[in-house]
Amino acid sequence: MSDANKPKHHRLKNALLLILCLGIAAGTLVAGTNLWMVYSTRSSVYTLDSTGELEADCILVLGCGLRRDGFPSQMLRDRLDVAIEAYRMGLAPKLLMSGDHGRVEYDEVNAMKDYAIARGIPSEDVFMDHAGFSTYESMYRAKEIFGCEKIIIVTQTYHLYRAIANARAMEMDAVGISSNPRRYARQRYFDLREAAARTKDAFYGLIKPRPTYLGKSIPIFGNGDVTNDR
């Protein structure tokens, strides 16, 4: 190699080494936050058959998509069915539907409330959080807007670890009930996305950024119809 090419060769080698080191550091960070989040919360993950003496201020259901006709997706229906059964078991007096209603044409929370009411749940026992745009924001608003101190979260198992960790970062007493009676078609994609989201939310739990929206207090022990918007 000529003397003229040596500096270029060294710069390339150093750049590749830096990229490798950054990749290893990023991988270690993601793996570490995932292990911490799962192992610190998994003892608080229950099924409907193992709830024992659980009780809470409310059962919080996290939105996860609608069909084209506006009806809850299969994954969301599984969450709602478990939450409704937990309510009927007397584990909490209220349901809190938290999801995305950021656009007029897309409304997860009213679809969730309609689903519960159609199955015999009193409207006044179903609250809606129209600005639960992410798991982190749902937990932040559950504490700051709805005044929740003790919650039962219902979602699929892979998601519960992060949801519980987020709730605890907001200083709520939180446990979860899993709602995965089936394996979902895009589960590998969900798992990969969740790994990155756990790392992001681990940092959010430390710095606690404000959610997209806050607002006036809506006590969870009141009448859920105050959250109706139609």
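This is a chat about the fold, cores and helix packing of one predicted model.

User: Before we start, what kind of model is this, and how are residues numbered?
Analyst: It's a predicted model, where local features need pLDDT of at least 70, side-chain atom pairs count only at pLDDT 80 or more, and totals for chains, interfaces and linings use all residues. Residues are numbered from 1 along each chain as its sequence is written, and side-chain values use heavy atoms, with hydrogens and water left out.

User: OK, how many helices and strands are there?
Analyst: The protein chain has 6 helices and 6 strands. Those are DSSP runs numbered from the N terminus: H or I of at least four residues for helices, E of at least two for strands. Starting at the N terminus, the order is α-β-β-α-β-α-β-α-β-α-β-α.

User: And what does the C-alpha trace span?
Analyst: About 80 × 40 × 35 Å along its principal axes.

User: How much of the chain is buried?
Analyst: 48% of the 230 residues count as buried. Buried means under 20% relative accessible area, exposed means over 50%, and partly exposed is in between, using a 1.4 Å probe and protein chains only.

User: Which residues touch the most other members in the largest nonpolar core?
Analyst: Ile59, Leu95, Met97 and Ile152, out of 27 residues in that core. A nonpolar core here is a set of buried Ala, Val, Leu, Ile, Met, Phe, Trp, Tyr and Cys residues joined through side-chain atoms within 4.5 Å.

User: Which elements give two or more residues to it?
Analyst: Strand 2 (58-62), helix 2 (74-88), strand 3 (95-98), helix 3 (108-118), strand 5 (150-155) and strand 6 (173-178). Helix 2 gives the most, with 7 residues.

User: What does Ile59 touch?
Analyst: Leaving out residues up to four places away in sequence, Ile59 touches Ala83, Ala86, Tyr87, Ala92, Lys94, Leu95, Leu96, Ile152 and Val154. Contact means heavy atoms within 4.5 Å. Apart from the core just described there is another one, of 26 residues, including Phe127, Tyr140, Ile151 and Ala163.

User: Switching to helix packing. At what angle do helix 2 and helix 3 pack?
Analyst: About 45 degrees, with their axes 11 Å apart. Axes are lines fitted to C-alpha atoms, for helices over the stretch in contact, and angles run from 0 to 180 degrees between N-to-C directions. Helix 2 and helix 3 are therefore oblique to each other. Angles under 35 degrees count as roughly parallel, over 145 as roughly antiparallel, 65 to 115 as roughly perpendicular and the rest as oblique.

User: Which residues meet there?
Analyst: Leu76, Arg77, Leu80, Asp81 and Ile84 from helix 2 meet Met112, Tyr115 and Ala116 from helix 3. By class that contact has 6 nonpolar, no polar and 2 charged residues. Ala, Val, Leu, Ile, Met, Phe, Trp, Tyr, Cys and Pro count as nonpolar, Asp, Glu, Lys and Arg as charged, and the others, Gly among them, as polar.

User: What about helix 5 and helix 6, what's their angle?
Analyst: Helix 5 (residues 157-169) and helix 6 (residues 187-207) pack at about 10 degrees, with axes 9 Å apart. That makes helix 5 roughly parallel to helix 6. The residues of this contact split into 5 nonpolar, 4 polar and 5 charged.

User: Is Thr199 in helix 6 buried or exposed?
Analyst: Thr199 counts as buried, because its relative accessibility is 9%. Setting aside neighbours within four places in sequence, Thr199 contacts Leu29, Val30, Thr33 and Asn34.

User: And helix 4, how many of its residues are buried?
Analyst: Helix 4 (residues 135-144) has 9 of its 10 residues buried. Those buried residues pack against strand 2, strand 3, strand 4 (126-129), strand 5, helix 5 and helix 6.

User: Last topic, backbone. Which residues have a positive phi without being glycine?
Analyst: Glu171 is one of them, with phi of about 65 degrees, and Lys208 is another, with phi near 50 degrees. Most residues other than glycine have a negative phi.

User: Where do Glu171 and Lys208 lie?
Analyst: Glu171 is in the loop between helix 5 and strand 6, and it is exposed, with a relative accessible area of 63%. Lys208 is in the segment after helix 6, and at 36% relative accessibility Lys208 counts as partly exposed.
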